[in-house]
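These are my notes on the model, written as numbered points. Please read them with the structure open beside you.

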Amino acid sequence: MYSSLSTALNARNIKFIHLEEIDSTNLYLKRLINGGERQRTVVIADYQTNGKGRSGKSFYSPQGTGLYMSVLLNPNCPFCDAVGVTTAASVAAARAIEKVCGKQVGIKWVNDLYFDSKKVCGILCEAVNDYKTATAKSVIIGVGINLSTAYFPDELKEIAGSLEVEKSLYPALAQGLADEILKIKFGAIDEAVLDEYRRRSIVLGKNVDYYINGEKRTAFAVDIDSKGGLVIKNENGEVSTLSSGEITLRLNKSL
């Protein structure tokens, strides 16, 4: 199914691994790193039994209805800003989906892609750091996309959706996604990437709930800063920037 992708990646000295089933493609790559793997690697699974999401959440990954991919890169650069890498990866995934599937998706800060008002893609970026040298030795970029998933558990039915694309497009999307992720530059986020992220945002110009130490607060989403942080204006008029955490869209409310 992914023979052309394997050939293209191997020609660039990038290892390709296709698994029928795994707990998590991110966890799989972490185990490879712990075993000494340093080669750039792309791994795809048909099914994840324990797909990883941000903040310890899981990503529902049923058999054969999604693209579950993780990419191992070795930037060997100063500690990566996780939000910045996720920002670039979100744009990479949105570009690939649009080019291959012809679907326009929006980005919910910081790592979710939405189609028809429902989440269809989640992104999890994890760095393996060397604290002695203050460098990110390896970075894992995990992307899960619901392509033709028709059934979701009760707790996800209202928020999760699917791109509803034919299985014949899976290999082309996998190749497009890998190509876009491999273009990511580490360090400062490219201004063109930031502009595209802002343009695709479904958060900017809307009211959001966010959480600090478990306490819910409400603010207006103003902008995305140069590091991928979300600039917000709180109810008291104070402007601040969120660098991580969860937000919930709040519509039809003015501050």
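1. Start with helix α5. In this predicted model, E196 and R200 form a salt bridge, and their closest N and O atoms are 3.0 Å apart. Both residues sit in helix α5, four residues apart, which means that about one helical turn separates them. R200 has a relative accessible area of 9% and is buried. E196 is also counted as buried, at 10% relative accessibility, because buried means under 20%.

2. E196 has a second partner. Its side chain meets that of R95 in a salt bridge, with 2.8 Å from N to O. This pair links distant parts of the chain: R95 belongs to helix α3 (residues 82-101) and E196 to helix α5 (residues 191-200), with their positions 101 residues apart in sequence. R95 is partly exposed, with a relative accessible area of 24%, whereas E196 is buried at 10%.

3. Which part of the structure does R198 reach from helix α5? The side chain of R198 meets that of D223 in a salt bridge of 3.1 Å, N to O. D223 lies in strand β10 (residues 215-224), so the pair ties together parts that are 25 residues apart in sequence. R198 is partly exposed, with a relative accessible area of 22%. D223 is partly exposed too, with a value of 30%.

4. Some of these bridges belong to a network. R95, E98, K99, E180, K183, E196 and R200 are joined into one network by salt bridges that share partners. In total, the structure holds 18 salt bridges. As background, side chains of opposite charge can pair when their charged atoms come close.

5. Now look at helix α1, which covers residues 3-10. Its buried residues are L5, S6 and L9. They cover an arc of only 100° around the axis, so they lie on the same side of α1. The face turned away from that buried side carries the exposed residues S3 and T7. What do the buried residues of α1 pack against? Their partners are β1 (15-19), β2 (41-45) and α4 (170-182).

6. The next point is a sheet. Five strands form an open sheet with antiparallel pairing, in the order β12-β11-β10-β9-β13. The edges are β12 (239-242) and β13 (247-250); each has a single partner strand, so one side of each is left without a neighbour in the sheet. On average, neighbouring strands of this sheet are turned by 45° against each other, direction ignored.

7. Within that sheet, take one pair of strands. Strand β9 (residues 207-212) and β10 run antiparallel and are joined by six bridges. Opposite D209 stands T218 in β10. Strand β10 also holds D223, the salt-bridge partner of R198 in helix α5.

8. V239 is found in strand β12, which stands at an edge of the sheet. Is V239 buried or exposed? It counts as exposed, at 54% relative accessibility, because the cut-off for exposed is over 50%. Leaving aside neighbours within four places in sequence, V239 is in contact with V231, I232 and K233. From V239 to A221 the distance in space is 9.8 Å, C-alpha to C-alpha, and the two are 18 residues apart in sequence.

9. The last point concerns aromatic rings. A pair of aromatic rings is described by the distance of the centres and the angle of the planes. How many aromatic pairs does a search of the whole structure find? The search finds two. One of them is Y60 with F152: the ring centres are 5.9 Å apart and the planes are at 55°, so the pair is tilted. This pair links distant parts of the chain, 92 residues apart. Y60 is in the loop between β2 and β3 (66-73), and F152 is in the loop between β8 (135-146) and α4. F152 is buried, with a relative accessible area of 8%, whereas Y60 counts as partly exposed at 26%.

Key. Residues are numbered from 1 along each chain as its sequence is written. This is a predicted model: local features need pLDDT of at least 70, side-chain atom pairs count only at pLDDT 80 or more; totals for chains, interfaces and linings use all residues. Side-chain values use heavy atoms; hydrogens and water are left out. A salt bridge is a side-chain nitrogen of Lys or Arg within 4 Å of a carboxyl oxygen of Asp or Glu. Helices (H or I, at least four residues) and strands (E, at least two) are DSSP runs, numbered from the N terminus. Buried means under 20% relative accessible area, exposed over 50%, partly exposed in between (1.4 Å probe, protein chains only). The arc is that of the directions from the helix axis to the C-beta atoms. Contact means heavy atoms within 4.5 Å. Two strands pair if DSSP finds at least two bridges between them. Axes are lines fitted to C-alpha atoms, for helices over the stretch in contact, and angles run from 0 to 180 degrees between N-to-C directions. Rings of Phe, Tyr and Trp (its six-membered ring) pair if their centres lie within 6.5 Å; planes under 30 degrees apart count as stacked, over 60 as edge-to-face and the rest as tilted.
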